[in-house]
Structure formats: structure tokens, C-alpha cells
Amino acid sequence: MESFIQWFASHLSWLPPQLAVFVISLFPILENRAGIILAFMLKLPLWEAILFSAIGNILPIPFILLFIRKIFDWLRPTKFFGGIVKKLEDRAMKKSDGVRKAEFMGLLLFVGIPLPGTGGWTGSLIASLLEVDIKKASIAILCGIALAATIVSLLTYGVIGHIA
């Protein structure tokens, strides 16, 4: 992940650091986890790391929850995108067991525990595919993003911050 962050940092160096953190946090897979690490690398204060990475991570969530099924329905019949949609749906559904069983807490933990393949984007996709109530899903995902931000902040600004 660090090499991705360094690549983004080098290509976003023309942006103010806060905006670079915001932009990297918009991307799936990277999300606020990478944003906080980038903020640490750019020597931003912790509060700015959390603020700009959280905003970047949260921004796409409502669009995914509201529109991803309609977009997938529209793209599925096309020759080029049909396979991509199928792959995304299959991958999300493979990870959905915990969410299916314990909707709110499962979704919160899925988004909040910073492991590869988890996060707000995938959590939103799973919630949408499982037709989880949008209010419940939104709150669980927001809480999960806050949990992930807390864990990554403690690891980067706390543990690594004391070593570096």
C-alpha cells in the first residue's frame, strides 16, 4: 500500500497537502486508510489527516448506495462491462456473509477493520446488493469509516509516530 501512496503523492505533489489527502481518500481500496498515511508522510496534523481523509472517503458512499444497482443493471447487458459488473458483484457477495448475518454491526466492522478488500466502497456495494435499509447502511458505514480512521491514526500517528 505504501508504494501506491508514494506514487499518488508524487503525482499529486502540485496540490496542497490537504487536497492530496482528500483526493487519495476518494479512491476505492485506498480510502481513508491511505489518506491518513499520506497525511502522516506529508507531516499534516492528525486532525487534518482525519478531517480530509474522512470527507474524501465519505463523499462517494451516498452515490454508491443510491445508484450502483441501477448502474450495474444498465451496464450488465453490454458486452464490455457485463463481465466487469459480474466480477464486482461476485467479489462483493463473497465478502458479504458477516454483513448478511449481522447487518448493522457486520457492515460497521467490515468497513471499520482496515484489511485489504474492506472499506466504505465495498461495504456500500455489499449493502446495496443486499438491499440493506439505506439509513441503517449509511450510519453503519459512517461509523465504520470512523473506526478505520481511529485504528489507522493510532497506528500511524501513535505507533509509527513514536518510532520515526
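## Exercises on helix packing and nonpolar cores

**Exercise 1.** In this predicted model, determine which residues Val111 is in contact with, leaving aside its neighbours within four places in sequence, and then place Val111 within the largest nonpolar core.

*Solution.* Once the neighbours within four places in sequence are left aside, the residues in contact with Val111 are Arg33, Gly119, Gly120, Gly123, Ile141, Gly144, Ile145 and Ala148. The next step turns to the largest nonpolar core, which has 22 residues, and here Val111 belongs with Leu65, Leu107, Leu125, Ala127, Ala137 and Ile141 to the residues that touch the most other members. Two or more residues of this core come from each of helix H5 (61-75), helix H6 (79-94), helix H8 (103-112), helix H9 (120-129) and helix H10 (134-163), and H5 gives the most, with six residues. Apart from this core lies another, of 19 residues, including Ile5, Phe8, Leu15 and Ala49.

**Exercise 2.** Describe how helix H2 (residues 17-26) and helix H3 (residues 31-41) pack, and state which residues make the contact.

*Solution.* Two packed helices are described by the angle between their axes and the distance between the axes. For H2 and H3 the angle is about 155°, and the axes are 7 Å apart. Because angles over 145 degrees count as roughly antiparallel, H2 is roughly antiparallel to H3. The handedness comes next: the crossing of H2 and H3 is right-handed. On the H2 side the contact is made by Ala20, Val21, Ile24 and Ser25, and on the H3 side by Glu31, Asn32, Ala34, Gly35, Leu38 and Ala39. Sorted by character, the residues of this contact comprise six nonpolar, three polar and one charged.

Conventions. Residues numbered from 1 in each chain as written. Predicted model: local features only at pLDDT ≥ 70, side-chain atom pairs only at ≥ 80, totals over all residues. Heavy atoms only, no water. Axes fitted to C-alpha atoms, helices over the stretch in contact; angles between N-to-C directions. Helix = DSSP H or I, 4+ residues; strand = E, 2+ residues; numbered from the N terminus. Parallel < 35°, antiparallel > 145°, perpendicular 65-115°, else oblique. Left-handed = near helix turned anticlockwise from the far one by under 90°. Contact = heavy atoms within 4.5 Å. Nonpolar A, V, L, I, M, F, W, Y, C, P; charged D, E, K, R; others polar. Core = buried A, V, L, I, M, F, W, Y, C linked by side-chain atoms within 4.5 Å. Buried < 20%, exposed > 50% of the residue type's maximum accessible area, 1.4 Å probe, protein only.
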